[in-house]
Amino acid sequence: MSAPLPPAFQDWFATRGWDLHPHQQAMLDRAAAPALLLTAPTGGGKTLAGFLPSLVELADGTRTGLHTLYISPLKALAADIRRNLATPVAEMALPIRIEDRTGDTSYTSKRRQRADPPQILLTTPESLALLTSYEDAPRIFAGLSRVIIDEIHALAESKRGDQLMLALARLETLAPGLRRVGLSATVDDPPAIGRLMARHPDPVEILEADPGPAPDIRMLETEEPPPWSGGGGRYAIPAVLCEVRKHRTTLIFHNTRAQAEIFFHHLWLANDEGLPIGIHHGSLSREQRERVEAAMVAGELRAIVCTGSLDLGIDWGDVDLVIQVGGPKNVKRLVQRIGRANHRYNAPSKALLVPANRFEIIECQAALDAVRARDLDGAPRGPGPRDVLCQHILIAACAGPFSADSLFAEMTSAGAFADLARADFDACLEFCATGGYAFRAYDRWQRLKQRPDGLWQLRDPRAAQRIRMNIGTIQDTDTLKVRMKGRGGKPLGEVEEGFAASLTPGDSFLIGGQIVRYEGLREMTVEVTRHAADRPKVAVFNGTKFAATTKLMDRILEMLRQEDWPDLPDHTRDWLRLQRDVSRLPERDRLLVESFPFDGRAHVCVYGFAGRNAQQTLGLLLTRRMETAGLAPLGFVSTDYATLIWGLEPLRDATPLFDRGGLRDGLAGWLASNAVMKRTFRASATIAGLIERNTIGARKNGRQATFSSDILYDTLLKYDPDHLLMEITREEALRGLVDFGRIEEMLDRVSGRIDHVRLDRVSPFAAPLLLEVGKVPVLGEGRERLVAAEAERLMAAAGLKM
Amino acid sequence: MNGMPLTFAGATLEARASGALWWADARLLCVSDLHLGKAERQARRGGSLLPPYETAETLERLDAEIEALSPGIVICLGDSFDDTASESALDPAHRLWLSRLIAGRDWIWIAGNHDPGPLSLAGRHLAEYDAGPLSFRHIAGAEAAPGEISGHYHPKARLGGVGRRCFLVDESRLILPAFGTYTGGMSITAPELAALVSKTARAILTGPTQVILPAARA
């Protein structure tokens, strides 16, 4: 059945010389479907496809109240869509009010939107969750007819998506029969996303738009080979500049913010022609980012050095080249990034990969092969996380008294929570109500109380305010704002608290592409002045580091098996041969362990190829065993392919370290007390409402009244190790940061075949690891020995006696 | 070693790894900022429900110090309770535990900004206490009187990437770390703390390896 476009729309398309894409027509045809998922490549007119049915339904002006809710993962995207919709709505003179509502919307606008909602409201998962927490939510959402979730593939990978789907379940209760529409980039498994977004157990209709022509993608050829080690791709700057010159607008993607900063700095130094080039990443101030975005849309920039902050949705002007610097880590994300180039339907995107070091040449080659084979990687997510569930129970309580039975029924209609056991739900409710502690201390001060009629409600209505302040699943990191010194100093961005603590006045560092001099800390803002220095430090940002996927790692190990590597550049072939001569090459069914002295410390390098998170866990488990064995490990660092450990004593025998039973036992014991668990606990405890975000803020202000979440973790571990939050933390860590599953996979394929190679110096493969950032200290005997020595040195230097 | 010897105002003291201060000659043990009842107070005020174990944990560590040293005098240097209502809200078992610790000793509760009022627990409740060359008060005075021992600021220092509670000491002042479990810390480089002590001040870290370092390292 084909639904014709109303004449006004046909005329409008005609005057523009546009035709409806087949998938846009298909979306109109299936507008009545309760759940509809569209996957289309970037530039495929997805958003318009999503909105067309709403615009058509609202065209006659008879509908009042909220009709369509649009949810995007980015505030900026919501604002951008509002502007883009304004054009057709104005030109067709449609009687439709469209507004956005995000954290940036003013208080008065928000009040007015609640009293008199527009027909189309554009928002984010967090703002939606907040809206559902108000007592008047039933009135706001009554009559809601369609919900459009944009970039659902990105949301589906995180807790923001889980929160959103619980909010949708709530909306379904408030507006039964609402239709759900998901808009997604090309993904490996559309039905999996469909199951997440549909009301369980309703089916979902899936529309897959033509993926378009294959991208034009290759590795950037440079005169100078990539360095032996390190990251950032600085060697490639002349070649990159040359490409920028040849194209209209180039997006230069980096994996981390720090690398983007360094690259931008050097790109600018080499930019003799003064090409307009900008930088964009999540740690820059909003003002900075908005300026770059505006310049980009206006076509004033020839290149933008960026990170994942430009991964999503917004139409950033006329991009005709994407350059990915550093190993792509994930084939699916690489494909989506490539799609940023050429925002025209059915035109091939053009992309170049720039490996940052020789190892990444191998990774890039593996990724190229995968992209050409359209072999996307996907990692299934487990069942819906219970910390999000706890937050949602509290949100429900803010909106008014609720019945546990109905809330349970509502929540299990969200795909990710469909298999939630009633006992688990009850435990979450108990946690929200009483804290859920073995020692029942809060009978008088329960957060939620059950009324005589059986409904649950907040004991103290004032708690609603605090709960609302805590809504969301995005983790604030401990960052400090950076500002130019002086009255009304320009905000530049944020750096990690730990980095700020390492600065002394006079130090210089890079931020937002500028070198600045640290002047001091003023009311918890880092004050800086402009300053030129030759060797600035690099600010530490808490950007996300993705683990390379199993698919990519397998492709790499497969490649290493070859006798020779005719596809790879000569320098890389030589390097692989050198590693083979000096030590040996890692193999898929063996585990290579190297040990060597370097810089006065004993080093051990383990090539597990298990992905960054699993290698990180391996580092924690191995250092723990080494501590017991008296090797006094001091720290370690992990990449996707290896873990490098350093300590005071050399490793004699590697085999016992990798005994599986020992590792598993170690996991149980170790899980209890380590930094990764504490970090995971902090995230889950914040989401579940045990730690308040404003408490974290207060800690930044240096007040002694607030304390670290580590103390809560240690306390629970000692007195209540089976507490719900400890259970959630273990579960989260195992599938997230700990990723023990991939260690087991690695041990399976290796099955005891360990090659311990003892060297007298660092090996060609281990060298890059020495320069990796993200070193994890081991707080053991070795550290205590060093702390004592360091204190003695400082005292002696200051002329003080012990 | 469970402590580090320290000569202050002519008295030979020991900065204990636990964060307590021991004056062997006077058989005097001093702990500061216990903040007992912190979790209960937050719950009472409609905040989140923190693990209700911090009072037991704090008492356990205090008990261990008393057991190890058997002091004749115990000084709790203020902010022993998180607010004035926290004392009455004390779990009966914890009250009994405290009473057992107090029994047979000269127990002195110094008033703090969190717990200014009198307590129903045994012991003396004082604004300040002088003993020989030392004077104990909760908050350091604006003018440093020689021999002053205080708490309140929860001093903390970072060394080798590790943040630890610490004693902060110069010629005339000694500031104790917080002893309570649910307490945060203020960096010794924070202006409020740095302004209180002289340039030659030292920090003595608590924890498994006790070290002493210059407070003004920048």
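Which residue of β23(A) is the bridge partner of S595(A)? The legends below treat a predicted model, and the first of them gives the reply.

**View 1. A six-stranded open sheet of chain A with mixed pairing.** The strands follow the order β26-β22-β23-β25-β24-β27. At the edges stand β26 (754–758) and β27 (776–777) of chain A; each has a single partner strand, so one side of each is left without a neighbour in the sheet. Strand β22 (residues 591–598) and strand β23 (residues 601–607) of chain A run antiparallel and are joined by seven bridges. The bridge partner of S595(A) in β23(A) is V604(A).

**View 2. Two helices packed on the mixed sheet.** Helix α23 (residues 612–628) of chain A touches β23, β24 (633–638), β25 (643–647) and β27 of chain A. The direction of α23(A) makes about 165° with that of β24(A). The other helix in this view, α31(A), touches β24, β25 and β27 of chain A. Between the directions of α31(A) and β24(A) the angle is about 115°.

**View 3. The side of chain A that touches chain B.** Here 45 residues of chain A are in contact with 38 residues of chain B. Helices α19 (463–469), α27 (709–719) and α31 (781–797) of chain A each supply at least two residues of this side. The largest share, nine residues, comes from α31(A), a helix that also packs on the mixed sheet. By class, the side of chain A that touches chain B holds 26 nonpolar, nine polar and 10 charged residues.

**View 4. A six-stranded open sheet of chain A with parallel pairing.** The order of its strands is β8-β13-β12-β9-β11-β10. The edge strands, β8 (216–219) and β10 (277–280) of chain A, each pair on one side only. From one strand to the next, the twist averages 20°. Four bridges pair β10(A) in the parallel sense with strand β11 (residues 303–306) of chain A, and I277(A) stands opposite A303(A) in β11(A). Helix α12 (residues 257–270) of chain A packs on this sheet, where it touches β9 (250–254), β10, β11 and β12 (321–325) of chain A. The direction of α12(A) makes about 150° with that of β11(A).

**View 5. Surroundings of I252(A) in the largest nonpolar core.** This core has 212 residues. I252(A) is among those with the most contacts inside the core, as are I149(A), M197(A), V305(A), A367(A) and I393(A). Leaving aside residues up to four places away in sequence, I252(A) touches V240(A), A303(A), I304(A), V305(A), C306(A), I323(A) and V325(A). A second, separate core of 55 residues includes L34(B), W107(B), L213(B) and A215(B).

**View 6. Backbone details in three loops of chain A.** In the loop between α10 (190–197) and β7 (205–208) of chain A lies P201(A), which a cis peptide bond with omega of about 0° joins to H200(A). A93(A), in the loop between α4 (75–91) and β3 (98–101) of chain A, has a positive phi of about 55° although it is not a glycine. A632(A), in the loop between α23 and β24 of chain A, is likewise not a glycine and has a positive phi near 45°. A93(A) is exposed, with 9 other C-beta atoms within 10 Å, whereas A632(A) is buried, with 21.

**View 7. Residues 696–702 of chain A, where the pLDDT is below 50.** Beyond near neighbours in sequence, this stretch has 14 contacts in the model. Where pLDDT is low, the predicted coordinates should not be read in detail. Chain A averages a pLDDT of 86, and 91% of the residues score at least 70.

Definitions and conventions
Residues are numbered from 1 along each chain as its sequence is written. Chains are lettered from A and ligands numbered from 1 in the order in which they are written. This is a predicted model: local features need pLDDT of at least 70, side-chain atom pairs count only at pLDDT 80 or more; totals for chains, interfaces and linings use all residues. Two residues are in contact if their C-beta atoms, placed from the backbone, lie within 7 Å. Ala, Val, Leu, Ile, Met, Phe, Trp, Tyr, Cys and Pro count as nonpolar, Asp, Glu, Lys and Arg as charged, and the others, Gly among them, as polar. pLDDT is the predictor's confidence in each residue, from 0 to 100. Two strands pair if DSSP finds at least two bridges between them. Axes are lines fitted to C-alpha atoms, for helices over the stretch in contact, and angles run from 0 to 180 degrees between N-to-C directions. A nonpolar core is a set of buried Ala, Val, Leu, Ile, Met, Phe, Trp, Tyr and Cys residues joined through C-beta atoms within 7 Å. A residue is buried if 20 or more other C-beta atoms lie within 10 Å of its own, exposed if 12 or fewer, and partly exposed in between; C-beta atoms are placed from the backbone.
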